Amino acid sequence: MQIIKCGSKKDWGKIVERLYSDNTAVLSSVQSILSEVKKSGDEALRQFTKRFDGIQLETFSVSEEEYLAAEALVSNELKAAIKEAAYNIKTFHKTQISQEEKVEVRRGIYCWRKSVAIDKVGLYIPGGTAPLFSTVLMLGIPAKLAGCKQIVLCTPCNKNGAVHPAVLYAANLVGIRTIFKVGGAQAVAALAYGTQTIPAVYKIFGPGNQYVTAAKQAVQMEGIAIDMPAGPSEVCVLADETAVPTFVAADLLSQAEHGVDSGVLLITTSSEVAHACLQEINIQLEKLPRKNIAKRGIEQSKIVVCTNLDEAIDLANEYAAEHLILSCAGADEVAERIINAGSVFIGNYSPESVGDYASGTNHTLPTNGFAKAYSGVSVDSFIKKITFQKLSKKGLSTIAQTVCVMAEAEGLQAHAEAVKLRLSEG
């Protein structure tokens with residue numbers, strides 16, 4: 001990792017820049033995949049699955065036999081862990097369900113909102129070097145709580161044509177039984193356009209690499225809703241002189257091991273902590289099974305030394321991390337000053353790992369600085385809010401003048417007449 005000084009705010013652009021911020025080339029590559037799937041459906045999926053995953057599939061659906069086999073392959077210890085995580089996630093997300101009241105804004109004028117589940121949703125579960133069965137819980141549980149009628153899950157298979165058993169176990173636990181062995185940009189295309197096998201959906205969820213993110217952005221331009229631009233994972237740790245270098249290093253490496261394009265940033269007010277963390281990273285790195293992946297991620301990352309805590313907080317807000325860990329004194333107070341982050345982890349005993357798996361919060365979060373405007377996945381992500389209004393004749397007469405004056409001022413006479421005609425009756 002490179003240790004640099006924070007410098008003036010005009011230079012912060014280089015600090016907060018992500019490795020993949022310009023995805024023009026990726027979008028161009030993805031567009032051909034989308035076009036081919038749109039045109040040829042399942043046949044295109046077979047070709048791309050063979051090319052990218054090294055397996056020739058005749059059918060993409062996961063069979064009942066595969067569900068049963070997965071059940072036997074997952075250890076009891078992992079089953080218990082998945083069940084506990086699911087319980088915590090469901091407990092937290094259930095609190096997001098609320099019923100709004102009718103409001104009588106004026107006598108005889110009633111307005112209200114109703115939450116309606118999105119009928120058809122698609123969940124993308126990354127596979128590759130780290131099959132994210134935890135993401136099945138993070139997406140499937142709020143989708144079920146919201147009441148989505150059709151939940152379609154796509155995930156890549158291995159070279160033997162098998163989906164990771166923990167992915168299937170988690171899906172079955174949540175209650176998702178429509179699963180297809182398709183990954184990458186081609187999976188996004190299938191969910192967006194539909195094929196002979198895979199039904200089209202109204203909204204697509206799930207994290208992924210640059211290609212998955214680019215595909216989601218591309219289909220969004222065609223009218224398919226997406227959760228957010230969720231690309232390669234990233235973490236920012238804000239640490240002062242009270243931070244524990246061992247903990248900080250572990251947190252940085254926990255993100256770096258996701259993939260070579262993962263984002264890792266340490267912001268600190270202490271040069272001593274910066275060097276201690278770097279030393280600890282090198283020690284811990286040697287013990288990791290995914291050492292080579294984590295090493296590449298770390299090599300492309302930065303440690304930024306700020307002059308004071310205020311500057312460090314400002315830089316953290318400018319970076320707008322997917323995950324932000326506060327390893328500093330007065331972490332609760334610092335948390336109140338955070339305005340841009342996907343999810344915040346407060347204090348030395350709140351590692352980002354707990355949010356990834358089992359604390360209860362959702363780990364599908366905005367990356368690449370999109371936390372400045374996007375929220376992480378929640379039950380709200382799977383519903384739409386429909387507004388209703390009901391007026392009595394008395395209520396209409398109360399606001400008739402207001403509506404007519406405004407409509408006529410905008411040159412929309414028919415709008416005014418729609419009110420006047422009703423009141424002229426009888």
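A residue is called buried when its relative accessible area is under 20%, exposed when this area is over 50%, and partly exposed in between. In the predicted model described here, residue E71 has a relative accessible area of 34% and is therefore partly exposed. E71 belongs to helix α4, which covers residues 64-73. When residues up to four places away in sequence are not counted, E71 touches K79 and Y169. The C-alpha atom of E71 is separated by 52 Å from that of K5, a residue 66 positions away along the chain.

The protein chain as a whole contains 17 helices and 14 strands. Its C-alpha atoms fill a box of roughly 85 × 60 × 45 Å along the principal axes. Of the 426 residues in the chain, 50% are buried. Among contacts with a separation of 6 or more, 75% are between residues 24 or more positions apart.

One of the sheets is open and has five strands, arranged in the order β6-β5-β4-β7-β8 with parallel pairing. The edges are formed by β6 (179-180) and β8 (225-226); each has a single partner strand, so one side of each is left without a neighbour in the sheet. Strand β4 (residues 120-124) and strand β5 (residues 150-154) run parallel and are joined by five bridges. Within this pair, K120 stands opposite Q150 of β5. Helix α6, formed by residues 133-146, packs on the sheet and touches β4, β5 and β7 (203-205). The direction of α6 makes about 170° with that of β4. In general, the strands of a sheet pair through backbone hydrogen bonds, and the pairing is either parallel or antiparallel.

Helix α6 also packs against helix α5. The axes of these two helices come within 10 Å and cross at roughly 40°. This angle makes α5 oblique to α6, and the crossing of α5 past α6 is right-handed. On the α5 side, the contact is made by L78, I82, A85, A86, I89, K90, H93 and K94. The α6 side contributes F133, L137, M138, I141, P142 and L145. Sorted by class, the residues of the contact between α5 and α6 are eleven nonpolar, one polar and two charged.

A further contact of α5 is with helix α7. Helix α5 (residues 76-94) and helix α7 (residues 165-174) pack at an angle of about 45°, and their axes are 11 Å apart. An angle that is neither under 35 nor over 145 degrees, nor between 65 and 115, counts as oblique; α5 and α7 are therefore oblique to each other. Here too, α5 passes α7 in a right-handed crossing. Residues L78, K79, I82, K83 and A86 of α5 meet A166, Y169, A170 and L173 of α7. This contact of α5 with α7 divides into seven nonpolar, no polar and two charged residues. K79 and Y169, which take part in this contact, are also the residues touched by E71 of α4.

A second individual residue, T195, lies in the loop between α8 (184-193) and β7. With a relative accessible area of 16%, T195 is buried, since the cut-off for this class is under 20%. Apart from its neighbours within four places in sequence, T195 is in contact with V37, G41, D42, L45 and A190.

Definitions and conventions:
Residues numbered from 1 in each chain as written. Predicted model: local features only at pLDDT ≥ 70, side-chain atom pairs only at ≥ 80, totals over all residues. Heavy atoms only, no water. Axes fitted to C-alpha atoms, helices over the stretch in contact; angles between N-to-C directions. Helix = DSSP H or I, 4+ residues; strand = E, 2+ residues; numbered from the N terminus. Left-handed = near helix turned anticlockwise from the far one by under 90°. Contact = heavy atoms within 4.5 Å. Nonpolar A, V, L, I, M, F, W, Y, C, P; charged D, E, K, R; others polar. Pairing = 2+ DSSP bridges. Buried < 20%, exposed > 50% of the residue type's maximum accessible area, 1.4 Å probe, protein only.
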